[in-house]
Amino acid sequence: MKILVIGASGTIGSRIVNALSAAHEVITANYQSGEVQIDISNIESITSAFETIGKVDAIICATGNVAFNAFSELTRDEWDMGINSRLMGQVNLTQIGSQYLNDGGSITLTSGIIADYAIAYGTSAATLNGAIEHFVKAVALELPRNIRINVVSPTVVTESLSVYGDYFPGFNSINAEELAKYYVRSVLGVETGQTLKAFAGN
Ligand SMILES: NC(=O)c1ccc[n+]([C@@H]2O[C@H](COP(=O)([O-])OP(=O)(O)OC[C@H]3O[C@@H](n4cnc5c(N)ncnc54)[C@H](OP(=O)(O)O)[C@@H]3O)[C@@H](O)[C@H]2O)c1
């Protein structure tokens, strides 16, 4: 399979690349590096990246920025950053990317445990993660040519605990290699419209 991984240089994306590259042709895309550069918050950038890449069998999005702040402090710019990246970035990627998917291809997006379990400073992430999960459930019914779509919802990643650990007191973490299996399941399996919750035990 020809598989595009966006956010391929990241903590999660790099393990997804590792998990898939032995048996598949993986194209890496990041904001600043990789075989292709893409900014998912910019429609022209998404289109230009796919014009460069051409047709693929699977698209994985392991990125999507969102602001963490107290609700009373969240600015409109911070909300817009998440809306344009975590939410509409992944929505636009789905709309544009599906035109570049071969028949029976798949799209796998990323949300996060905050959609289900609240944390301090997580209002924007909770809102946008929830929206992405509902988007996936709905759009799965409209995608043509047997194209599937799922979203992976990770708990905090073990390798990210030094950065995000304080936001997730008492939460179980998942190591990135284990988490990558959920993306593999979405790409190689048959499920569609699903949120694959990578946080059993929380
Ligand atoms: N890590 C966690 O504990 C955790 C838990 C739940 C959910 N998530 C979510 O999972 C996703 C990946 O997390 P991560 O920890 O692997 O992130 P990360 O290590 O910070 O890596 C982010 C990746 O996304 C790319 N990127 C940044 N902005 C982009 C943009 N506008 N368009 C396209 N690519 C962009 C980066 O490219 P460059 O290297 O070129 O900048 C990098 O490859 C994020 O949406 C995050 O919120 C993470």
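In this predicted model, the ligand is surrounded by 28 residues, of which Gly7, Gly10, Asn30, Gln32 and Thr63 come nearest. Classified by side chain, this shell comprises 11 nonpolar, 16 polar and 1 charged residues. Helix H1 (residues 11-21) supplies the largest share of the shell around the ligand, with 3 residues.

Helix H1 also has a buried portion. Its buried residues are Ile12, Gly13, Arg15, Ile16, Val17, Ala19 and Leu20. The elements that cover these residues include strands S1, S2, S4 and S6 together with helix H6.

The strands form an open sheet of 7 members in the order S3-S2-S1-S4-S5-S6-S7, and their pairing is parallel. The edges are occupied by S3 and S7 (194-198); each has a single partner strand, so one side of each is left without a neighbour in the sheet.

Strand S2 (residues 25-30) is mostly covered, with 5 of its 6 residues buried. It is joined in parallel to strand S1 (residues 2-6) by 5 bridges, and within this pairing Ile6 stands opposite Ala29 of S2. The connection from S1 to S2 passes through H1, and the resulting β-α-β crossover is right-handed. Strand S2 is further joined to strand S3 (residues 36-37) by 2 bridges, again with the strands running parallel. Here Ala29 stands opposite Val36 of S3. Ala29 of S2 therefore faces Ile6 in one pairing and Val36 in the other, as given by the two bridge partners.Strand S5 (residues 101-110) has 7 of its 10 residues buried, so this strand is largely enclosed by the rest of the structure. Strand S4 (residues 56-61) pairs with S5 in the parallel sense over 4 bridges, and Val56 is found opposite Leu101 of S5. Between S4 and S5 the chain passes through helix H3 (residues 76-97), in a β-α-β crossover that is right-handed. Strand S5 also pairs with strand S6 (residues 148-154), in the parallel sense and over 5 bridges. In this pairing Thr108 stands opposite Asn150 of S6.

The largest nonpolar core contains 54 residues, among which Ile3, Leu4, Val5, Ile6, Ile16, Ile59 and Ile60 touch the most other members. Helix H6 (residues 176-188) gives the most to this core, contributing 6 residues. In soluble globular proteins, nonpolar side chains tend to be buried together. The surroundings of Ile3 illustrate the contacts made by one of these core residues. Leaving aside residues up to four places away in sequence, Ile3 touches Leu20, His24, Glu25, Val26, Val56, Asp57, Ala58, Ile60 and Val187. Of these contacts, Leu20 is one of the buried residues of H1. Ile16, listed with Ile3 among the core residues that touch the most other members, is likewise one of the buried residues of H1.

How values were computed:
Residues are numbered from 1 along each chain as its sequence is written. This is a predicted model: local features need pLDDT of at least 70, side-chain atom pairs count only at pLDDT 80 or more; totals for chains, interfaces and linings use all residues. A nonpolar core is a set of buried Ala, Val, Leu, Ile, Met, Phe, Trp, Tyr and Cys residues joined through C-beta atoms within 7 Å. A residue is buried if 20 or more other C-beta atoms lie within 10 Å of its own, exposed if 12 or fewer, and partly exposed in between; C-beta atoms are placed from the backbone. Two residues are in contact if their C-beta atoms, placed from the backbone, lie within 7 Å. Two strands pair if DSSP finds at least two bridges between them. A crossover is right-handed if, with the strands pointing away from the viewer, the path from the first strand over the helix to the second runs clockwise. A residue is near a molecule or strand if its C-beta atom, placed from the backbone, lies within 6 Å of it. Ala, Val, Leu, Ile, Met, Phe, Trp, Tyr, Cys and Pro count as nonpolar, Asp, Glu, Lys and Arg as charged, and the others, Gly among them, as polar.
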